[in-house]
Amino acid sequence: LELKPVRFDRIVQESVNKMQMLAEVKDVILHAEIDDSVPMNADEERLHQLLITVLDNAIKYTQEGGVIRVVCRKLAHSVHLEVEDTGIGIAPESLPHVFDRFYRGDKSRTRQEGGTGLGLAIAKWIVESHGGKIRVESKLSMGTQVLITFPI
Ligand code: ATP
């Protein structure tokens, strides 16, 4: 990792801007509420990759007309990021495996869209190598929430 002081709010905003076009093409609404945050010591390139992975999944697994909400909050000693979608969701039996390398959910395997099943495994590695935590909550056919916390 190449650690230097970076503004997490800016990385989130830039990533959302970058993915906005893809969301529009899929007719998915992508909106973000982002608190100003203080600098944190992090690898900017890696955090960017993390955001793109999570946003790309949210867009990929949400049908047209769906909504993705990104919330970034700054607390006294941490920053919290939540990416919530109204997509296909994840079956309870699949949920414990989403961070496994090469794991792809049933519906993902049968879709034409590519994917390696490495995205969330790498995302977890990036979060944990910054001392953070990541978890996924989901209800099948209702949507998915990815929750990430970093200490600052
Ligand atoms: P890629 O490596 O290209 O991201 P992938 O999306 O299949 O491929 P992961 O990002 O590791 O791989 O995700 C693992 C599995 O978790 C997916 O195959 C999918 O079943 C499920 N998943 C991840 N994010 C979501 C989401 N937002 N909504 C529904 N299912 C999801």
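**Exercise 1. Identify the residues of helix α2 that are buried.**

Solution. In α2, the buried residues are R46, L47, L50, L51, V54, L55, N57, A58 and I59. A residue counts as buried if 20 or more other C-beta atoms, placed from the backbone, lie within 10 Å of its own. Helices are DSSP runs of H or I with at least four residues, numbered from the N terminus. The structure is a predicted model, in which local features need pLDDT of at least 70, side-chain atom pairs count only at pLDDT 80 or more, and totals for chains, interfaces and linings use all residues. Residues are numbered from 1 along each chain as its sequence is written.

**Exercise 2. Compare the end-to-end distance of α2 with its expected span.**

Solution. The expected span is 1.5 Å times one less than the number of residues. For the 17 residues of α2 this gives 24 Å, and the end C-alpha atoms are 24 Å apart, so the two values agree.

**Exercise 3. Describe how α1 packs on α2.**

Solution. Two packed helices are described by the angle between their axes and the distance between the axes. Axes are lines fitted to C-alpha atoms over the stretch in contact, and angles run from 0 to 180 degrees between N-to-C directions.

Step 1. Helix α1 (residues 8-25) and helix α2 (residues 44-60) pack at about 40°, with axes 9 Å apart.

Step 2. From α1, the contact uses F8, I11, V12, S15, V16, M19, L22 and A23; from α2, it uses E44, L47, H48, L51, I52, L55, D56 and I59. Contact requires C-beta atoms, placed from the backbone, within 7 Å.

**Exercise 4. Describe how α2 packs on α4.**

Solution. Step 1. The angle between α2 and α4 is about 145°, and their axes lie 9 Å apart.

Step 2. On the α2 side are R46, Q49, L50, T53, V54 and N57, which meet G119, I122, A123, I126 and V127 of α4.

**Exercise 5. Locate A123 and determine its surroundings.**

Solution. Step 1. A123 belongs to helix α4 (residues 119-129).

Step 2. A123 counts as buried because it has 24 C-beta neighbours inside 10 Å.

Step 3. Leaving aside residues up to four places away in sequence, A123 touches L50, T53, V54 and I134.

Step 4. The C-alpha atoms of A123 and L47 are separated by 8.8 Å, although the two residues are 76 residues apart along the chain.

**Exercise 6. State which residues of α1 are buried.**

Solution. The buried residues of α1 are F8, D9, I11, V12, S15, V16, M19 and A23.

Note on methods. Helix = DSSP H or I, 4+ residues; strand = E, 2+ residues; numbered from the N terminus. Contact = placed C-beta atoms within 7 Å. Buried ≥ 20, exposed ≤ 12 C-beta atoms within 10 Å, placed from the backbone.
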